[in-house]
Amino acid sequence: MADDKKTFSVFLAGIWKENPVFALLLGMCPTLAVTGDVKSALTMGLSATFVLLCSNVVVSLLRGLLKPHLRILIFTLTISTFVTIADLFLKAFLPDMSEKLGPYIPLIIVNCLIICRAEACASKSGVWISFVDGLGMGLGFTITLCILGAVREILSLGSLFGYRVMPDGFITMFAFALPVGAFVTLGLMLGLVNIINTKLAK
């Protein structure tokens, strides 16, 4: 029972308490760059989740063999292997999305979130906990990107997943499709999360 509670706690931490974007402020480059619409945000989130899950499991399996001066190199090689798989998969099956995301899929290799979890969790924990940690962090990252993408797509285009959801009289604000819209939306959401956390702490 205690192990079940610990596992559930590790999973939930990635969703809210230690959310990669709202709490740890990690992975900000794709968070700001590819959340102009929900489809792009979802693709990036799922790609990062795949890499995070697989790299966490492999690093955990290798943790007994890791040498201090080589561990970052091993982390990077492991992560780059799964990033290459994700990149080639998108190019083969979702070529339009692959072209739209451009360099941001290959740049998952240097995503602070992936390396952080390899160092903080996978290199010190068993395979199951590392898997759950990767799943929780990946889902937390994906959900956050999708929320940002939904807000920006609705405000800038009046649509969601490419389908019109706002009435004809709705005035779109194209600025939310631009980098300034990403910063404003993220800032407002960070403020909202802080307010919620403050109220929960009382």
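**Note on helix packing, two threonines and two loop residues**

1. Start with a loop. Phe 161 sits between β1 (159-160) and β2 (163-164). This is a predicted model, and the points below should be read as such. The phi of Phe 161 is positive, about 55°, although the residue is not a glycine. Most residues other than glycine have a negative phi. Is Phe 161 buried or exposed? Neither: Phe 161 is partly exposed, because its relative accessible area is 36%, and the partly exposed class runs between 20% and 50%.

2. Leu 25 is another residue to check. Its phi is near 55°, again a positive value in a residue other than glycine. Leu 25 belongs to the loop between α1 (2-15) and α2. With a relative accessible area of 47%, Leu 25 is partly exposed.

3. Helix α2 covers residues 28-33, and Thr 31 is part of it. Thr 31 has a relative accessible area of 1%, so it is buried. What does its side chain reach? The partner is the backbone oxygen of Gly 27, at 2.6 Å. Beyond its neighbours within four places in sequence, Thr 31 is in contact with Val 21, Phe 141, Leu 145, Leu 148 and Leu 186.

4. Thr 49 can be read alongside. This threonine is in helix α3. Thr 49 is buried, with a relative accessible area of 8%. Its side chain reaches the backbone oxygen of Gly 138 at 3.0 Å. Gly 138 also appears among the contacts of Thr 49 outside its neighbours within four places in sequence, together with Leu 139 and Thr 142.

5. Now the helix pairs. Two packed helices are described by the angle between their axes and the distance between the axes. Helix α3 (residues 38-62) packs against α6 at an angle of about 30°, and the axes are 10 Å apart. That angle makes α3 roughly parallel to α6, since the cut-off for this class is under 35 degrees. The crossing of α3 and α6 is right-handed.

6. Which residues of α3 and α6 meet? From α3 come Ala 48, Val 51, Leu 52, Ser 55, Asn 56, Val 59 and Ser 60. From α6 come Leu 113, Ile 114, Arg 117, Ala 118 and Ala 122. By class, this contact of α3 with α6 has eight nonpolar, three polar and one charged residues.

7. Helix α6 also packs against α7 (residues 127-157). Their axes come within 10 Å and cross at roughly 150°. The two helices are therefore roughly antiparallel to each other, because angles over 145 degrees fall in that class. The crossing of α6 and α7 is right-handed.

8. In the contact of α6 with α7, α6 supplies Leu 113, Arg 117, Cys 121 and Ala 122. The α7 side consists of Ile 129, Ser 130, Asp 133, Met 137 and Phe 141. These residues divide into six nonpolar, one polar and two charged. Some names recur. Leu 113, Arg 117 and Ala 122 are listed in the contact with α3 and in the contact with α7. Phe 141 of α7 is also a contact of Thr 31.

9. Last, Ala 120. This residue lies in helix α6 (residues 112-122). Ala 120 is partly exposed, with a relative accessible area of 40%. How many residues apart along the chain are Ala 120 and Gly 14? The count is 106, and their C-alpha atoms are separated by 13 Å.

Conventions
Residues are numbered from 1 along each chain as its sequence is written. This is a predicted model: local features need pLDDT of at least 70, side-chain atom pairs count only at pLDDT 80 or more; totals for chains, interfaces and linings use all residues. Side-chain values use heavy atoms; hydrogens and water are left out. Helices (H or I, at least four residues) and strands (E, at least two) are DSSP runs, numbered from the N terminus. Buried means under 20% relative accessible area, exposed over 50%, partly exposed in between (1.4 Å probe, protein chains only). A polar contact is a pair of N or O atoms within 3.5 Å; within protein, one must be able to donate a hydrogen and the other to accept it, and residues adjacent in sequence count only if both atoms are side-chain atoms. Contact means heavy atoms within 4.5 Å. Axes are lines fitted to C-alpha atoms, for helices over the stretch in contact, and angles run from 0 to 180 degrees between N-to-C directions. Angles under 35 degrees count as roughly parallel, over 145 as roughly antiparallel, 65 to 115 as roughly perpendicular and the rest as oblique. A crossing is left-handed if the near helix is turned anticlockwise from the far one by less than a right angle, and right-handed if clockwise. Ala, Val, Leu, Ile, Met, Phe, Trp, Tyr, Cys and Pro count as nonpolar, Asp, Glu, Lys and Arg as charged, and the others, Gly among them, as polar.
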